[in-house]
Amino acid sequence: MAETTIKYTMMAGIFATSLGGAAWAGGPADDKLVIDDELEITTRVKAPEGHPLDEVISGWHYRTDETRALEADSFQNPGMLYVERGEEIWNTVEGDAGKSCASCHGDASESMKGLGAAYPKWDEKAGRPLNIELQINKCREDNMQAEPYKFDAADQKSLTTFIKHQSLGMPVRLDLSQGDMQAWWDKGKEVYYRRTGQLNMACANCHEDYNGNYIRADHLSQGNVNGFPTYRLKQSAMVSLHNRFRGCIRDTRAEFPAAFSDELMALEVYVTWRATGLSVETPAVRQ
Ligand code: HEC
Ligand code: HEC
């Protein structure tokens, strides 16, 4: 009993509600994201059936005016440099087969359009879902005879950003009827609600129960994934989704799972589903 009390006290201590503060300090900012004054981005949408919240809200709403403005202007968005670099890689021949991505897939704005909104996807041969990073590695190994990228290699992040960017503005929608996707969703949900670490907290404690509040200096969002890979101002770099997952887990406990492990892939399937209906924002800009 005493231990439980201590844990709850610790939890309560790190959260600060904005009650009593200025009204705009808490909750999502009332604003609309239109990129370059022409592309309307869906940043708030009614939650899909079975979702614990009524409304799904993009992390964009929880950032400062300055950060939100950066994402609305693609000339100022620092993530766009990675999109450009990704396009270069797309057209570069690598590996023993003497091919580039473009050799087989042609113009990415056509062949990759919409894909980023529908990943992870079931892969029959692998018997597990693949995300864009793993699909890139699959093509590099099987179709280019090139080395797979190591996790978070600069080129992996740029190429993933480039591919996801081809779906900018399109709604996130997973097909859970493929293969065993539903079982991976179930497993991901279990991970999402599992309390771990010294703080004994789950993803849901921060991103479901406390979104809109401040944790230390950070304005907590719903933890949606529709902007990944995401440009983080704090790190002056693109951050991949599994890097973000690991960072959030590391904050609650010492041990954290490997990138692309079954645990993090299941989490990616489940958390991507939670963002159903939000537009792909890649490259989003966050703090
Ligand atoms: C020699 C031809 C070839 C090359 C080169 C190639 N691919 Fe592929 N790619 C394929 C084939 C065939 C498939 C479908 C079967 C599979 O998944 O391997 C595919 C599938 C994909 C898919 C999934 C499409 C979907 O509908 O879900 C993506 C994404 C992709 N490739 C990206 C890339 C990228 C990025 C590169 C460069 C690093 C690349 N490919 C290089 C042949 C190629
Ligand atoms: C102790 C609180 C805490 C826990 C527990 C936590 N996070 Fe986070 N998370 C944060 C903070 C703080 C941020 C940065 C502010 C924000 O976007 O919410 C963040 C950001 C994120 C983002 C980026 C959102 C965006 O719009 O870019 C994702 C995705 C995310 N978390 C997923 C998770 C997942 C999945 C788990 C469970 C494995 C988890 N978080 C557990 C505090 C937490």
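E190 sits in helix α8 of this predicted model. It counts as partly exposed, because 14 C-beta neighbours lie inside 10 Å. E190 and R216 are 26 residues apart in sequence. Their C-alpha atoms are 27 Å apart in space.

**Nonpolar cores**

Helix α8 (181-193) also supplies at least two residues of a nonpolar core. That core is the largest and has 23 residues. Inside it, A266, L267, V269 and Y270 have the most contacts. β5 (55-57), α10 and α11 each supply at least two residues as well. α11 gives the most, with eight residues. Which residues does Y270 touch, leaving aside those up to four places away in sequence? They are W185, G188, K189 and Y192. A second, separate core has 19 residues, including I41, L70, I132 and L159.

**Helix α10 and the three-stranded sheet**

Helix α10 spans residues 241-250. Its buried residues are L241, H242, N243, F245 and I249. Their cover includes β11 (237-239) and α11 (262-274).

Strand β11 belongs to an open sheet of three strands, in the order β11-β10-β12. The pairing in this sheet is mixed. β11 and β12 (284-286) are the edge strands, and each pairs on one side only. On average, neighbouring strands of the sheet are turned by 40° against each other, direction ignored. β10 (residues 230-232) pairs with β11 in the antiparallel sense, over three bridges. Y231 stands opposite M238 in β11.

**Ligand surroundings**

Ligand 1 is surrounded by 17 residues. The closest are K99, C101, C104, C139 and N143. α4 (101-105), α6 (132-144) and α7 (154-165) each supply at least two residues of this shell. Which helix gives the most to it? α6 does, with eight residues. By class, the shell around ligand 1 has eight nonpolar, four polar and five charged residues.

Ligand 2 has 25 residues around it. G59, C203, C206, G223 and C248 come nearest. Three helices, α9 (203-209), α10 and α11, each supply at least two residues of the shell around ligand 2. α10 and α11 thus serve both this shell and the largest core. The shell around ligand 2 divides into twelve nonpolar, nine polar and four charged residues.

**Backbone exceptions**

Most residues other than glycine have a negative phi, and most peptide bonds are trans. The exceptions below go against that pattern.

| Site | Backbone value | Location |
|---|---|---|
| Y119 to P120 | cis, omega about 0° | P120: loop between α5 (108-111) and β6 (121-123) |
| F228 to P229 | cis, omega near -15° | P229: loop between β9 (218-219) and β10 |
| D36 | phi near 55° | loop between β2 (34-35) and β3 (39-40) |
| D37 | phi about 60° | loop between β2 and β3 |

Are D36 and D37 buried or exposed? D36 counts as exposed, because it has 10 C-beta neighbours inside 10 Å. D37 is exposed too, with 8 other C-beta atoms within 10 Å. Neither residue is a glycine, yet phi is positive in D36 and in D37.

Definitions and conventions. Residues are numbered from 1 along each chain as its sequence is written. Chains are lettered from A and ligands numbered from 1 in the order in which they are written. This is a predicted model: local features need pLDDT of at least 70, side-chain atom pairs count only at pLDDT 80 or more; totals for chains, interfaces and linings use all residues. A residue is near a molecule or strand if its C-beta atom, placed from the backbone, lies within 6 Å of it. Helices (H or I, at least four residues) and strands (E, at least two) are DSSP runs, numbered from the N terminus. Ala, Val, Leu, Ile, Met, Phe, Trp, Tyr, Cys and Pro count as nonpolar, Asp, Glu, Lys and Arg as charged, and the others, Gly among them, as polar. A residue is buried if 20 or more other C-beta atoms lie within 10 Å of its own, exposed if 12 or fewer, and partly exposed in between; C-beta atoms are placed from the backbone. Two residues are in contact if their C-beta atoms, placed from the backbone, lie within 7 Å. Two strands pair if DSSP finds at least two bridges between them. Axes are lines fitted to C-alpha atoms, for helices over the stretch in contact, and angles run from 0 to 180 degrees between N-to-C directions. A nonpolar core is a set of buried Ala, Val, Leu, Ile, Met, Phe, Trp, Tyr and Cys residues joined through C-beta atoms within 7 Å.
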